[in-house]
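Me: Hey, I've just opened this one and don't know my way around yet. Can you walk me through it?

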Amino acid sequence: MMPLYAVICRDKPGALQTRIDTRPAHLAHLKDSGIVRMAGPLIEEGEMRGSLVVLDCDDIAAARAWADADPYRAAGLFQSSEVIEWNKVIG
């Protein structure tokens with residue numbers, strides 16, 4: 001099994017419409033890459049305000065390349081993002 005990597009992104013304040021407009025392209029990126037183990041939006045006060053994606057890929061460089069190609073990034077949605085190795089313990 002390859003290592004897992006968490007991509008954790010926080011949206012810019014007031015950027016919900018950017019997220020909504022770009023969501024179809026983002027979802028296609030998730031599905032087409034073949035390395036997404038699980039993914040979903042971060043919710044604050046009932047509103048989507050970030051993303052958590054777990055990738056199953058060769059190394060952190062591949063995970064960063066995937067994150068850099070995310071249509072949300074190209075749309076300027078994120079205030080911050082990080083890619084870190086993640087170790088699944090339960091589930």
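Reply: Sure, here is a quick tour, from the overall layout down to a few residues. One thing up front: this is a predicted model.

Me: OK. How many helices and strands does the protein have?

Reply: There are three helices and four strands. Starting at the N terminus, the order is β-α-β-β-α-α-β.

Me: And is that as compact as a globular protein of that length, or not?

Reply: It is as compact as one, because the radius of gyration is 13 Å and the globule rule gives a close value, 12 Å, for 91 residues. If you box in the C-alpha atoms along the principal axes, you get roughly 40 × 25 × 20 Å.

Me: What share of the residues is buried?

Reply: Of the 91 residues, 32% count as buried. As for the surface, the protein exposes about 5,400 Å², with carbon and sulfur atoms supplying 54% of that.

Me: What about charges, how many of each sign?

Reply: The protein has 10 positive and 13 negative charges, and the mean positions of the two sets are 3 Å apart.

Me: Let's go inside. Which residues of the largest nonpolar core touch the most other members?

Reply: That core has 15 residues, and the ones touching the most other members are Val 7, Val 53, Leu 55, Ala 63, Trp 66 and Val 83. At least two core residues come from each of β1 (4-11), β3 (47-56), α2 (60-68) and β4 (78-86). As background, nonpolar side chains in soluble globular proteins tend to be buried together.

Me: Pick one for me. What is Val 53 in contact with, leaving aside its neighbours within four places in sequence?

Reply: Val 53 is in contact with Tyr 5, Ala 6, Val 7, Leu 30, Val 36, Met 38, Ala 39 and Trp 66.

Me: What share of the contacts in the whole protein joins residues 24 or more positions apart?

Reply: Looking at contacts with a separation of 6 or more, 71% are between residues 24 or more positions apart.

Me: Got an example? Where does Ile 60 sit?

Reply: Ile 60 is in helix α2. With its neighbours within four places in sequence left out, Ile 60 is in contact with Tyr 5 and Val 83. Its C-alpha atom is also 7.1 Å from that of Glu 85, and those two residues are 25 apart in sequence.

Me: Why does Ile 60 count as partly exposed?

Reply: Its relative accessibility is 28%, and partly exposed covers what falls between the 20% and 50% cut-offs.

Me: Switching topic, what is special about phi in Glu 45?

Reply: Phi of Glu 45 is near 50°, so a positive value in a residue that isn't glycine. Most residues other than glycine have a negative phi. Glu 45 lies in the loop between β2 (36-44) and β3.

Me: Is Glu 45 buried or exposed?

Reply: Glu 45 counts as exposed, because its relative accessibility is 75%.

Me: And Pro 24, where is that?

Reply: Pro 24 is in helix α1 (residues 16-33). Pro 24 is exposed, with a relative accessible area of 57%. Its C-alpha atom lies 9.3 Å from that of Pro 71, which is 47 residues away along the chain.

Me: Last one: where is Asn 87?

Reply: Asn 87 is in the segment after β4, and it counts as exposed at 61% relative accessibility. Along the chain, Asn 87 and Tyr 5 are 82 residues apart, while their C-alpha atoms are separated by 8.1 Å.

How values were computed:
Residues are numbered from 1 along each chain as its sequence is written. This is a predicted model: local features need pLDDT of at least 70, side-chain atom pairs count only at pLDDT 80 or more; totals for chains, interfaces and linings use all residues. Side-chain values use heavy atoms; hydrogens and water are left out. A nonpolar core is a set of buried Ala, Val, Leu, Ile, Met, Phe, Trp, Tyr and Cys residues joined through side-chain atoms within 4.5 Å. Buried means under 20% relative accessible area, exposed over 50%, partly exposed in between (1.4 Å probe, protein chains only). Contact means heavy atoms within 4.5 Å. The radius of gyration is taken over C-alpha atoms; the globule rule is 2.2 Å times the number of residues to the power 0.38. Accessible areas come from the Shrake-Rupley method with a 1.4 Å probe; for residues, only the protein chains shown count as cover. Lys and Arg count as positive and Asp and Glu as negative; His and the chain ends are not counted. The place of a charge is taken as NZ of Lys, CZ of Arg, CG of Asp or CD of Glu.
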